[in-house]
Amino acid sequence: MQTPQVVVVMGVSGTGKTTVGERLAAELGVPYAEADAFHPPANIAKMSAGVPLDDDDRWPWLDAIGEWAHEHTAGGGVVSCSALKRSYRDRLRAAAPDVFFLHLTGDRDQIAARMEARKGHFFTSKMLDSQLATLEPLQPDENGVAVDITPEPETVTERAVAALRRLEVQR
């Protein structure tokens, strides 16, 4: 398989974006970036206090992720990013037009249980409902695929690679 364009592993918090993103990057032999690393300290403080970010908080964060994606367009890369709204994905596409979105999906109870089990993360399950309310699933005209998170991360990653292979064949 050829090196793909940049893949954005998207979805609400708790869907396994980091786990799947790291596995996918290793499978594809490309760099991985964690979107949380692009947040300024003020955003982390706000989320740690249980306060959802607003769009004004998100634009600089999305621009930083978009810049990373643009810098990795030639060689490929994988970055995790919630990318919950179409307008957020449009902003990322403005920086890296061929970006591919891998939307990790699952039901609320499953995601909440995962969030409760993890330790040391600034994003709490109290904010899950806010993210689910904000989520705008991928539209048919968007370059991407939704993958259910119910199976083990290895299977989710295999399904993502298969989707990328199908995309490569269509090119």
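## A mixed helix-and-strand chain at a glance

Starting at the N terminus, the chain's elements follow the order β-α-β-α-α-β-α-β-α-α-β-α. That makes 7 helices and 5 strands in total. Please keep in mind that this is a predicted model. Here is a friendly tour, from the whole chain down to one arginine.

**The chain as a whole**

- Of the 171 residues in the chain, 44% are buried.
- Among contacts with a separation of 6 or more, 77% are between residues 24 or more positions apart.
- The chain has an accessible surface of about 8300 Å², and carbon and sulfur atoms contribute 52% of that area.

**Helix α1 and its two sides**

- Helix α1 covers residues 17-28, which is 12 residues.
- At 1.5 Å a residue, α1 should span 16 Å, and this agrees with its end C-alpha atoms, which are 16 Å apart.
- Which residues of α1 are buried? They are K17, V20, G21, L24, A25 and L28.
- These buried residues lie on the same side of α1, because they cover an arc of only 130° around the axis.
- On the face turned away from that buried side, α1 carries the exposed residues A26 and E27.
- Just after α1 comes G29, which has a positive phi, near 70°.

**Strands β4 and β5**

- Strand β4 spans residues 100-105 and runs parallel to β5, with 5 bridges joining the two.
- Within this pairing, L102 is found opposite V145 of β5.
- Strand β5, residues 144-148, has V145 and V147 on its covered face.
- The uncovered face of β5 holds G144, A146 and D148.
- V145 is thus a useful residue to look up in the viewer: V145 belongs to the covered face of β5 and stands opposite L102.

**R93 in helix α4**

- R93 is part of helix α4, which runs over residues 86-95.
- Is R93 buried or exposed? Its relative accessible area is 16%, so R93 counts as buried, the cut-off being under 20%.
- Which side chains make polar contacts with the side chain of R93? One is D90, at 2.5 Å, and another is E142, at 3.0 Å.
- Leaving aside residues up to four places away in sequence, R93 touches R86, V99, F101 and E142.
- E142 therefore appears twice in this picture, as a residue that R93 touches and as a polar partner of the R93 side chain, which is itself part of a buried residue.

Technical notes:
Residues numbered from 1 in each chain as written. Predicted model: local features only at pLDDT ≥ 70, side-chain atom pairs only at ≥ 80, totals over all residues. Heavy atoms only, no water. Helix = DSSP H or I, 4+ residues; strand = E, 2+ residues; numbered from the N terminus. Buried < 20%, exposed > 50% of the residue type's maximum accessible area, 1.4 Å probe, protein only. Contact = heavy atoms within 4.5 Å. Areas by Shrake-Rupley, 256 points an atom, 1.4 Å probe, with all protein chains shown as cover. Expected span 1.5 Å × (residues − 1). Arc of directions from axis to C-beta. Polar contact = N/O pair within 3.5 Å; in protein donor to acceptor, adjacent residues only side chain to side chain. Pairing = 2+ DSSP bridges.
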